[in-house]
Amino acid sequence: MLFRSRRVYNTAPVVGPCTTGTGCATAYSQIVETAMIGNSNYNSLQATLTKTMAHGLSILFNYTFSKSYDDLPQATHVSNTEDVNPGESYVYPLYPSNATNIPAAAYPSDIKALDRGLSDLDHTHVISASYVYDLPKLHSGFAPLRAVVNGWRTTGLITFRSGDVLTAIAGSDISLTNLNQDRAQRDFTQAAYLKQPGAGHCGAGKSCVNWLNPSAFSAPVNTGPGTGFGNVVKATLRGPRQTNWDAAVIRTFPIWRESNLDFRVEYFDVLNHTELGLPNVTETNSAFGTITSTQGGPRIAQFSLKYVF
């Protein structure tokens, strides 16, 4: 799938990269062209461990180790993955082979080179574990005590997954192709991550984490046709991993025959663990690499009654 913009003039049209930013400003609205040239694949190892109810305990454990890979434009994941829209092209342009006045250096050897990478849905590790545990019962002793301590059980769900994939972008049309898909330039001699709270690009007095290392990224430089695209391949970075534990404590009161009344105390995010949001990935933005938001909500407790019949 690809999209491109052609500049229209009163004289014979010229197809190719702009020579100046002013030239690109003369572009009219885009003509959307699509091509069925995208591919994707998904491979995984999936394991399940089940412990049936014994001694009051049952467990269900699932683990997935996977990789999802495609060569679709990263822009389709950012804006809309279901429709064909302008502004969702590959980073590199595709010029007609018989076009004139296009410098040889402007022709990319592989238009998918920077868009061939992990899919936006890729999470290397995904773990979920659920459990139900009936607390031991007293079968003898003081009757009022048995009435209080018997009939309790606890249940919960623990989940973990790797962070979302990220792509550092330039944030402006440095390549002068009018595609606006240019990537940041990465210095591979420096670490890509900082993962440090405060300081750096975080403003004073803000709850903020410097996730990416701004010293490892810069804006690409346009030195002529075929340059200025950056070198960051799609989805080569990751955001924070996600972990959560929801649990409940339940007391069952027998009512009549097969009917029961459950008193439930339910907790969401038991540990009140902060789930960081995603960092800013636009290199030209002053907040590049910082996380200033969270995902999910705070710990929530709720009480309920459930009649089972």
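Buried means under 20% relative accessible area, exposed over 50%, and partly exposed in between, with a 1.4 Å probe and protein chains only. The model is predicted, so local features need pLDDT of at least 70 and side-chain atom pairs count only at pLDDT 80 or more, while totals for chains, interfaces and linings use all residues. Residues are numbered from 1 along each chain as its sequence is written, and side-chain values use heavy atoms, with hydrogens and water left out.

**View A. An aromatic pair formed by Tyr-92 and Phe-229.** Rings of Phe, Tyr and Trp (its six-membered ring) pair if their centres lie within 6.5 Å, with planes under 30 degrees apart counted as stacked, over 60 as edge-to-face and the rest as tilted. The whole structure holds 6 aromatic pairs; in one of them, Tyr-92 and Phe-229 meet edge-to-face, at 4.8 Å centre to centre and with 70° between the planes. The pair links distant parts of the chain, 137 residues apart, with Tyr-92 in the loop between helix 2 (74-78) and strand 3 (117-118) and Phe-229 in the loop between strand 10 (217-218) and strand 11 (237-238); helices (H or I, at least four residues) and strands (E, at least two) are DSSP runs, numbered from the N terminus. Tyr-92 is buried at a relative accessible area of 19%, and Phe-229 is buried at 6%.

**View B. The open sheet of strands 8, 9 and 14.** Two strands pair if DSSP finds at least two bridges between them, and here 3 strands follow the order 8-9-14 with antiparallel pairing. Strand 8 (193-197) and strand 14 (290-291) each have a single partner strand, so one side of each is left without a neighbour in the sheet. Strand 8 is joined to strand 9 (residues 209-212) over 3 bridges, and Pro-197 stands opposite Val-209 in strand 9.

**View C. Charges over the rings of Tyr-193 and Phe-253.** A charge sits over a ring if NZ of Lys or CZ of Arg is within 6 Å of the ring centre and within 35 degrees of the ring normal. Lys-195 lies over the face of Tyr-193, at 5.1 Å from the ring centre, whereas the charged end of Arg-251 is 4.4 Å from the centre of the Phe-253 ring.

**View D. Antiparallel pairing of strand 4 with strand 2 and strand 5.** Strand 2 (residues 57-70) and strand 4 (residues 125-134) are joined by 9 bridges, with Leu-60 opposite Ser-130 in strand 4. Another 9 bridges join strand 4 to strand 5 (residues 152-161), where Ala-129 stands opposite Ile-158.
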